[in-house]
Amino acid sequence: MWSVNFTIIASAVNTKMLNPNFAIMCSPGASDDSFPNTEPFGFNSATYFLPLCTLIGVAMASVFIGGLSDKFGRKILLLILGWISAVGSIAKFFTKETFWGFCASNFAFGFFLGNLPVGMAYIGDIEPSKKKKDEMLGVVSKKYLFYLMACDASKFNLKKLVGCFVLGNSGGGIIAVLMADVGLFAPLWIGSGLMVIANVMTHKYMIESGDDRLESGDKLLLGDEEEEKVKRPDTIPTKTLWNIVGGALLDNIGSTGLFPLCLSPLALNEFYGDFVAKGEEPIMSISAYQWLSVCVALLVIPSTQMTPFCFNKIGIAGTCVFGNACTAVLTGLLLMIGVLPSTNLAFGMFVFVMYAGFPFTVFSQLTTGPMLDAIAPEDKIGYVQGLNNSSMNFGMALAPWVFGLLADAAGTIPAICTGIAFSIAAAAANSPLMWHPLMGKPKPKPPLAQRKLPEEDDELFRKILDGDVVDPELAFQINQERGLRGKPSVVPRVKPYEEEKDRLDEIARGAGGAFKFRMEVYDRVLAGLAKEEDDPENLVFNKEELVNVINTLRGDDQSLIGKASGDLGQWMGEYLADNGYSPHTSSVMMKQMFMTSFPPLTRDKEVNEENVEEVLLKTRKVMARYAGTETKNSITSTLATHPYASGWW
């Protein structure tokens with residue numbers, strides 16, 4: 001998986017690598033590498049036309065790249081795209097002499113930078129768990145970001161593939177800023193080299209879906225057995241599909257009002273251009289502007305940490321709508337600050353608000369992939385993710401250029417207000433998805449101790465969970481397997497006394513068999529522990545393993561333990577009151593009766609190697625009192641026959 005992550009990063013680096021330099025390229029005479037002219041465009045439209053050429057190529061390719069990967073395979077498509085992109089970066093370097101020649105090469109090789117839908121489709125292939133898929137539809141390995149971001153990548157634990165894409169964009173911009181003295185186009189050589197490394201890694205390490213090595217390799221790709229498996233539809237729900245794609249397009253257009261318009265022209269004019277025009281020292285330098293523009297993408301890091309929490313609380317679609325709303329609010333706040341008198345305080349407020357609020361605006365971009373994956377049939381995963389990428393790139397390509405023209409014609413404020421309107425429209429468009437069963441707030445899952453594992457028998461598990469009397473050996477087998485796999489024992493529901501008061505004799509008879517079987521188990525375990533001292537090499541289990549299994553089976557879910565204990569206490573109190581006792585007037589005596597019936601096994605919080613034999617012996621002694629409980633009718637025997645004994649604790 002990490003080889004795919006790196007390929008996505010390298011491709012994103014090549015897509016946005018020169019963006020911080022476009023303004024200088026389109027200013028004739030500003031640098032030796034600047035274009036002689038950008039006719040027929042002026043400065044703003046030319047600056048935004050350069051990235052438009054690349055992204056239009058990416059968007060057009062994304063329409064069919066995903067479908068081709070469905071047909072021919074993910075790996076071969078990634079390699080084809082990667083090698084042509086590596087050559088393309090070098091070719092673009094040799095077309096730098098003219099504005100239109102460079103635009104043409106950007107457009108042509110932009111077709112081969114659209115590998116994000118292939119990566120997203122690959123996750124759809126290899127990850128059956130819905131929860132992990134939602135997180136991995138942006139999972140990015142942290143191992144290689146150091147080389148791209150010139151910082152300690154070990155500090156980050158990123159969880160979104162879209163985050164990987166955005167961070168690649170940021171990494172490319174940082175490379176451009178750092179290499180400013182070398183030349184405006186020099187970063188293209190770095191981009192080509194990264195693509196070569198990514199291609200070699202993909203060829204050597206990427207494993208196609210269905211390969212047997214996935215079954216025995218990285219467990220991250222296999223999903224957890226307790227997680228719900230994805231049930232894919234047979235056909236694409238067209239209405240839902242275009243609702244998602246349309247909402248994503250509106251979101252990308254609206255986001256243009258925030259970035260780049262709030263930085264350029266708003267902040268650039270207010271804190272730099274106006275001062276230079278007056279011959280005064282600007283508050284913000286060009287270098288500061290470049291760093292602000294490229295580092296803002298790093299704010300995807302906190303976004304990727306927060307989105308899983310939001311997914312669980314308000315659902316994927318709810319998170320998307322929240323992100324749309326945050327984009328509108330943040331853009332409005334920055335516009336309000338931008339029209340204030342230009343001071344150092346205003347600049348500080350502008351930077352603070354932008355960096356504090358931007359992580360929340362990214363939520364909407366991190367949700368489109370999981371929403372589309374939820375409605376994609378098995379053979380259309382790449383096609384659907386391609387539509388998503390195409391929509392995103394069309395918005396990212398056209399919106400800045402169109403908004404730049406609008407800003408030149410009507411002014412910066414109307415252009416940014418238009419972006420706010422699009423963000424509000426995106427929130428409205430995505431709102432109906434909040435009621436979609438696959439995209440709304442997820443239903444809470446029961447605790448693991450009350451959740452059936454895939455290989456467990458449905459009927460037997462239901463009976464144990466419902467607190468019914470079951471064959472103690474079958475119950476033991478289920479819980480033993482759970483313990484060996486590091487899972488807690490099944491915790492039965494404590495039925496209300498009113499539900500069981502007419503079948504106490506049946507409970508007593510079933511519990512009697514459970515006591516006898518439990519004693520036999522303890523005898524075998526104690527014999528095994530004694531054998532360990534004589535012949536430890538031939539023992540099936542040792543004391544350490546036994547202690548681990550027992551503690552695992554007991555579980556540590558305090559809320560579940562508290563509920564079961566409270567329900568059991570309620571059952572006992574109702575039993576006493578219904579059978580002639582007065583627990584409300586004789587509680588002290590009742591406590592003594594309970595303590596006599598249930599003497600302490602240990603005061604330690606957990607079983608350990610020092611006390612395990614003592615605990616087993618004492619437990620066996622208590623069990624021995626009730627092994628014939630089906631023929632008795634005492635209060636203590638009845639209290640001890642609760643069906644919880646069907647577990648192995």
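Is Trp100 buried, partly exposed or exposed? Select Trp100 to start the tour: at 42% relative accessibility, this residue counts as partly exposed (buried is under 20% relative accessible area, exposed over 50%, partly exposed in between, with a 1.4 Å probe and protein chains only).

Before moving on, a word about the model. It is predicted, so local features need pLDDT of at least 70 and side-chain atom pairs count only at pLDDT 80 or more, while totals for chains, interfaces and linings use all residues. Residues are numbered from 1 along each chain as its sequence is written, and side-chain values use heavy atoms, leaving out hydrogens and water.

**Stop one: the aromatic rings**

The structure holds 26 aromatic pairs (rings of Phe, Tyr and Trp, the last by its six-membered ring, with centres within 6.5 Å; planes under 30 degrees apart count as stacked, over 60 as edge-to-face and the rest as tilted). Select Phe41 and Phe99 for an edge-to-face example, 6.4 Å centre to centre with 75° between the planes. Phe41 sits in the loop between helix H2 (22-25) and H3, and Phe99 in helix H5 (residues 99-110), so this pair ties together parts 58 residues apart in sequence (helices are DSSP runs of H or I, at least four residues, numbered from the N terminus). Both Phe41 and Phe99 are buried.

Now add Phe49 to Trp100: their ring centres are 5.5 Å apart and their planes at 65°, so this pair is edge-to-face. Phe49 belongs to helix H3 and Trp100 to helix H5. Phe49 is buried, with a relative accessible area of 12%. To see the cluster linked by ring pairs, select Phe35, Phe41, Phe49, Phe99, Trp100, Phe102, Phe185 and Trp401.

**Stop two: a surface patch**

Next, select Val63, Phe64, Leu68, Phe72, Ile76 and Ile80, which form a nonpolar surface patch with about 520 Å² of accessible area together (nonpolar side chains joined within 5 Å, from residues with over 30% relative accessible area and no salt bridge; areas use the Shrake-Rupley method with a 1.4 Å probe). H3 gives the largest share, four residues. One of the patch residues, Leu68, lies in helix H3 and is partly exposed at 32%.

**Stop three: salt bridges**

Select Arg482 and Glu456, whose closest N and O atoms are 2.7 Å apart in a salt bridge (a side-chain nitrogen of Lys or Arg within 4 Å of a carboxyl oxygen of Asp or Glu). Arg482 is buried at 1% relative accessibility, and Glu456 is buried at 9%.

Finish at Arg503, which meets Glu500 at 3.6 Å and Glu506 at 3.3 Å, N to O. These shared partners join Glu500, Arg503 and Glu506 into one network.

Terms used:
Patches are made of residues with over 30% relative accessible area and no salt bridge: like charges are joined within 9 Å, nonpolar side chains (Val, Leu, Ile, Met, Phe, Trp, Tyr) within 5 Å. Helices (H or I, at least four residues) and strands (E, at least two) are DSSP runs, numbered from the N terminus.
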